[in-house]
Amino acid sequence: MSSYITKTSWSGKILFILTSFLLGSAETKAEERSSQSAKTVLERAISSVCSDTPPTGFSIQNAIPQSWLLNETSIPASGLPARQDIRLVLPGGDELTVEIRLAGGSPRQIRATYYRNENNALLPSVLAIADGSCVIRSARKIRYADEPWVLMDQLQGDMETLRWTETLQAPWPDGRDPGGSRVVFVDSGLAYDLPLFRDRLARDNDGTPIGYDFWDVDPWPYDGDTSRGAFLPVRHGTAVASVFAREAPNAALVPFRYPRPDMSRMAEIVARAIDNEIRILAMPLGSNSKEDWTEFAQALKDQNILAIVSAGNNGRDIDAQPVYPAALDLDNILTVTSADGFGRLAPGSNWGNTSVDLMVPAENIAVTDFRGAAGVTSGSSYAVPRLAALAARLLEQNPGLTALELKELIVDRAVASPFETDNRVAVGWIPDPDKD
């Protein structure tokens with residue numbers, strides 16, 4: 001989220017007056033912030049929602065001294081809204097957003113977020129979540145420690161009592177390159193500080209891991225898809241990579257956090273893989289937009305890299321309703337979906353006689369999550385690390401294989417499913433991808 005100055009279209013004169021009024025000097029900022037803490041602002045904002053029916057942005061503005069309403073939208077725009085989004089600028093250039101979810105015109109849940117202005121960049125600071133009676137039930141606070149540390153405290157409704165702390169970003173652990181086949185994982189990132197991964201990271205000659213965060217464009221691809229918001233990260237990559245770590249014990253991991261804000265950067269992922277002589281990309285992700293993958297397809301075409309991609313979990317035929325990159329027509333892509341242990345397409349998993357090459361058992365798979373806790377999960381995302389592990393082991397046995405030769409070796413292991421007789425995938429299923 002960028003500074004409010006770049007998001008408004010007021011005239012220069014009004015903007016100058018507002019900027020001078022709200023930003024002021026550094027000393028003024030500190031004084032204003034100390035007199036009105038994030039906790040106080042959030043409590044006042046949420047309380048005001050229930051004091052005015054229907055709630056409005058002006059009622060929140062009136063409850064918070066020296067705040068200024070920037071915009072207010074209702075969804076849908078006419079009739080009783082199901083949601084209201086309100087945004088205000090605060091003294092010192094901080095910002096407040098309030099999301100009100102409604103039922104029958106009455107609040108059902110309120111989410112108020114405080115953003116701190118640091119050098120004209122807005123950093124998410126505190127999220128308060130309240131019920132329909134405007135009682136705060138929980139809160140989340142992001143702490144920016146010494147770079148690269150970023151932590152998130154899960155708090156009780158008083159916004160002070162700590163429940164637990166999560167890592168959002170951490171420094172790389174010390175270590176040496178483990179050798180073995182290098183495999184890139186393009187996903188939400190990796191909790192690379194877990195003991196499971198510390199000694200499995202591919203490193204350069206200086207001992208620095210060669211993973212990268214293409215989402216935030218920094219060297220620390222820690223696990224967290226923040227497309228739902230900074231306080232609501234989806235931790236997908238660690239669980240997926242844990243399957244690979246178990247089934248390819250000699251391979252080296254290269255975590256790349258995918259570039260959700262700008263998918264054209266997918267071409268940079270291919271370029272970095274080429275620069276580091278990486279031959280396998282594991283990609284348990286996708287979207288419905290072919291345009292998202294244009295630069296990736298151009299970069300990958302004819303390269304000596306095998307991309308192993310997920311077919312997705314929409315429960316549909318992706319020949320008719322494509323998912324990308326699974327449906328890209330490239331020889332060096334291998335698309336896999338999830339089956340049960342008997343060779344039946346798993347419920348909810350995608351298929352396609354042309355677009356999907358293989359099925360792999362990926363239901364009720366043991367995983368390690370971003371906390372280091374053991375769990376069990378299912379889906380075509382978890383078919384990807386199983387096939388990538390097989391590819392890594394085959395490449396370890398014969399490092400001279402080209403990408404197409406490696407793909408052929410994998411495909412040759414497939415057999416016809418005894419239960420899927422209507423050709424829902426192009427080749428068949430591999431019942432034991434963990435066996436050489």
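**Entry 1. Val336 and the parallel sheet**

I looked up Val336 in this predicted model and found that Val336 stands opposite Leu358 in strand E15. I then listed the pairing around this position: strand E14 (residues 333-339) runs parallel to strand E15 (residues 358-361), and four bridges join them. Both strands belong to an open sheet of eight, whose order I noted as E10-E11-E9-E12-E13-E14-E15-E18, with parallel pairing. Strand E10 (212-213) and strand E18 (428-429) stand at its edges; each has a single partner strand, so one side of each is left without a neighbour in the sheet.

**Entry 2. The antiparallel sheet**

I turned next to another open sheet of eight strands, which follows the order E1-E2-E3-E4-E5-E6-E7-E8 with antiparallel pairing. Here E1 and strand E8 (162-169) are the edge strands, and each has a single partner, so one side of each lacks a neighbour in the sheet. From one strand to the next I recorded an average twist of 15°.

I followed strand E2 (residues 83-89) in detail. Six of its seven residues are buried, so I entered the strand as mostly covered. Strand E1 (residues 68-75) pairs with E2 in the antiparallel sense over seven bridges, and Ile75 stands opposite Arg83 in E2. On the E3 pairing, seven bridges join E2 to strand E3 (residues 95-103), again antiparallel; the bridge partner of Val89 is Glu95 in E3. E2 and E3 form a hairpin with five residues between them, and Gly92 in the turn has a positive phi of about 85°.

Towards the E8 edge, strand E7 (residues 150-156) and E8 pair antiparallel over six bridges. Asp153 stands opposite Thr165 in E8. I also noted that helix H3 packs on this sheet, where H3 touches E3, strand E4 (106-118), E5 and E6; the direction of H3 makes about 155° with that of E4.

**Entry 3. The disulfide**

I searched for disulfides and found one. Cys50 and Cys134 form the link, with their sulfur atoms 1.9 Å apart. The link is right-handed, with 90° about the S-S bond. Cys50 lies in helix H3 (residues 38-51) and Cys134 in the loop between strand E5 (121-131) and strand E6 (136-144), so the pair ties together parts that are 84 residues apart in sequence.

Are the two cysteines buried or exposed? I recorded Cys50 as partly exposed, with a relative accessible area of 34%. Cys134 counts as buried, at 13% relative accessibility.

**Entry 4. Nonpolar cores and the H6-H9 packing**

I examined the largest nonpolar core, which has 51 residues; Phe244, Ile308, Leu387 and Ile410 are those with the most contacts inside it. Helix H9 (residues 383-397) supplies the largest share of this core, ten residues. Apart from this core lies another, of 41 residues, including Ala202, Phe214, Trp215 and Ile269.

I then took Phe244 by itself. Leaving aside neighbours within four places in sequence, the contacts of Phe244 include Val183, Phe185, Ala251 and Leu253. Pro385, Ala388, Ala389 and Ala392 are also in contact with Phe244.

Finally, I checked how the two helices meet. Helix H6 (residues 237-247) packs against H9 at an angle of about 35°, with their axes 8 Å apart. I entered the crossing of H6 and H9 as right-handed. Val240, Val243, Phe244 and Glu247 in H6 meet Pro385, Arg386, Ala388, Ala389, Ala392 and Arg393 in H9.

Notes: Residues numbered from 1 in each chain as written. Predicted model: local features only at pLDDT ≥ 70, side-chain atom pairs only at ≥ 80, totals over all residues. Heavy atoms only, no water. Pairing = 2+ DSSP bridges. Core = buried A, V, L, I, M, F, W, Y, C linked by side-chain atoms within 4.5 Å. Buried < 20%, exposed > 50% of the residue type's maximum accessible area, 1.4 Å probe, protein only. Contact = heavy atoms within 4.5 Å. Disulfide = S-S within 2.5 Å. Axes fitted to C-alpha atoms, helices over the stretch in contact; angles between N-to-C directions. Left-handed = near helix turned anticlockwise from the far one by under 90°.
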